[in-house]
Amino acid sequence: MIQLIDLKKQFQSVKSEILQEIEHVLDSGQYILGPKVRELEKSIATKLGVLDAVAVGNGTDALVLTLEAYGIGNGDEVITSPFTFFASAEAISRVGATPIFADVDPVTYTISPAKIEEKITSATKAIIPVHIFGQSADMDEIMDLAKKYQLIVIEDACQAFGATYKDRAVGSLGDAACFSFFPTKNLGTLGDGGIITTSDLELSKKIRSLRTHGTSKKYYHDTIGYNSRLDEIHAAILLILLNKIDSWNDKRRELALRYNQALSNATLTLPVEKNDRSHIYHLYCVGSEKRDQFIERLTKEDIHTGVYYPLCLHLQNVYAHLGYKKGDFPVSEKLSETLFALPMSPFLLESDQDHVVKVLRREVENSSDN
Ligand SMILES: *Cc1c(COP(=O)(O)O)cnc(C)c1O
């Protein structure tokens with residue numbers, strides 16, 4: 001069986017280091033928001049080139065707390081992509097604001113700056129570009145719009161730790177950025193976790209307070225907050241993985257290049273990496289009008305695939321009241337009908353990858369015969 005994301009192999013490769021760190025945490029007597037969390041926050045801020053980072057319970061909370069710390073809520077509009085994981089929009093709704101969708105670029109699948117501009121109103125407060133599948137959005141154009149209309153930009157970088165844009169790290173490009181440490185993310189732990197990166201120290205201070213019940217001093221509460229914190233065990237694990245992430249991302253890029261070369265004339269739509277950014281291939285997705293046929297064949301051969309995302313956010317039941325309809329975002333809709341993810345992880349064996357390619361190519365030939 002060839003897994004879509006081989007987490008077991010990934011964690012086996014660092015098992016002894018992780019067990020040792022877990023033992024240290026166990027013996028330390030500090031289990032939530034202790035020295036390991038502080039070290040992780042500092043290491044990530046330094047690595048990405050920002051002044052601060054605040055670890056929280058998960059990537060969704062990272063978005064919610066950031067929006068709330070910026071004072072975004074009832075009556076406000078926040079523009080984001082309809083082609084992303086639900087949490088990008090859910091966080092906007094959770095703070096009482098309205099998600100406004102703008103279609104994506106057909107090449108990068110990230111939100112189109114021109115489409116964003118069409119959606120800006122006097123109620124617009126922020127933009128949440130999503131670095132989907134591990135490639136940065138068009139951040140210069142988005143930051144120019146933000147400047148022109150005085151908007152906040154919060155990067156949803158949950159799928160893109162280590163990706164770059166014009167040689168700068170994603171997570172350092174907007175006013176703030178949110179990452180997820182969910183196990184399947186390219187930097188993921190053995191549970192939930194997330195972090196906000198920013199150089200806005202007023203913001204990070206507010207988020208630090210929000211994540212522990214709105215306190216700045218224990219048992220003295222300034223606002224209604226949350227309980228959204230990172231555990232020492234996860235911080236310790238993530239510090240180990242932080243030393244591996246660059247080589248793991250390089251391996252993903254190498255495997256993506258192998259796929260691109262092997263599938264170049266196979267009639268599938270392949271991911272395109274823009275030359276001013278580096279894609280970390282959190283997911284390697286290809287497109288075909290015959291997606292179901294390919295998935296069926298791969299499944300029969302014990303090769304796991306995934307569909308990201310089968311239904312665009314503007315067409316979700318929960319957003320029916322927003323009044324969108326099918327056809328509103330043709331690029332996103334087509335992606336949701338045609339893309340599927342092939343096995344990708346730093347631990348995917350080249351021999352397994354070759355097998356995936358062989359099965360795909362055979363299916364392409366069969367389907368062109370009939
Ligand atoms: C995973 C993900 C999130 C949410 O992160 P969690 O840690 O699962 O809460 C948000 N946005 C995007 C684009 C994601 O992929």
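## Close-up views of the predicted model

**View 1. In strand 14, L339 is the bridge partner of G287.** This is a predicted model, in which local features need pLDDT of at least 70 and side-chain atom pairs count only at pLDDT 80 or more, while totals for chains, interfaces and linings use all residues. Residues are numbered from 1 along each chain as its sequence is written, and side-chain values use heavy atoms, with hydrogens and water left out. Strand 13 and strand 14 run antiparallel and are joined by 4 bridges. Two strands count as paired if DSSP finds at least two bridges between them. Strands here are DSSP runs of E with at least two residues, helices are runs of H or I with at least four, and both are numbered from the N terminus. Which way do the side chains of strand 14 point? L339 and A341 go one way, F340 and L342 go the other, and all are buried. Buried means under 20% relative accessible area, exposed means over 50%, and partly exposed is in between, using a 1.4 Å probe and protein chains only.

**View 2. Helix 12 and a glutamate without a salt bridge.** Helix 12 covers residues 330-338, and E333 is part of it. The buried residues of this helix are S332, E333, L335, S336 and T338. They pack against strand 13 (284-287), helix 11 (291-300) and strand 14 (339-342). Now look at E333: it is buried but makes no salt bridge, and K326, the nearest side chain of opposite charge, sits 4.8 Å away. A salt bridge needs a side-chain nitrogen of Lys or Arg within 4 Å of a carboxyl oxygen of Asp or Glu. For charge, Lys and Arg count as positive and Asp and Glu as negative, with His and the chain ends not counted. Leaving aside residues up to four places away in sequence, E333 touches C312, H314, L315, K325, K326, G327 and D328. Contact means heavy atoms within 4.5 Å.

**View 3. A320, in the loop between helix 11 and helix 12.** Is A320 buried or exposed? At 56% relative accessibility, it counts as exposed. Try drawing a line from A320 to E363: their C-alpha atoms are 38 Å apart, with these positions 43 residues apart along the chain.

**View 4. An open sheet of 7 strands.** The strand order is 1-9-8-5-4-2-3, with mixed pairing. At the edges are strand 1 (52-56) and strand 3 (98-101), each pairing on one side only. Neighbouring strands are turned by 25° against each other on average, direction ignored. Inside the sheet, strand 2 (residues 77-80) pairs with strand 4 (residues 124-128) in the parallel sense over 4 bridges. There, I79 stands opposite I127.

**View 5. Two helices across strand 1, strand 8 and strand 9.** Helix 3 (residues 35-48) runs at about 135° to strand 1 as it lies across strand 1, strand 8 (176-180) and strand 9 (194-198). Helix 8 (residues 201-211) lies across strand 1, strand 8 and strand 9 too, but runs at about 20° to strand 1. Axes are lines fitted to C-alpha atoms, for helices over the stretch in contact, and angles run from 0 to 180 degrees between N-to-C directions.

**View 6. The largest nonpolar core, with 56 residues.** A nonpolar core is a set of buried Ala, Val, Leu, Ile, Met, Phe, Trp, Tyr and Cys residues joined through side-chain atoms within 4.5 Å. The residues with the most contacts inside this one are L40, I44, I116, I142, F161 and L187. Helix 3, strand 1, strand 3, helix 7 (139-149), strand 8, helix 9 (232-242) and helix 10 each give two or more residues. Helix 9 gives the most, with 7 residues.

**View 7. Salt bridges, of which the whole structure has 26.** K36 forms one with E21, with the closest N and O atoms 3.4 Å apart. K36 lies in helix 3 and E21 in helix 2 (residues 15-28), so the pair ties together parts that are 15 residues apart in sequence. K36 is partly exposed at 21% relative accessibility, whereas E21, at 17%, is buried. K251 and E350 meet at 3.8 Å, N to O. This pair links distant parts of the chain: K251 is in helix 10 (residues 245-262) and E350 in helix 13 (residues 350-369), 99 residues apart. E301 and R297 meet at 3.6 Å, N to O. Shared partners also join R38, E41, D52, R208 and R211 into one salt-bridge network.
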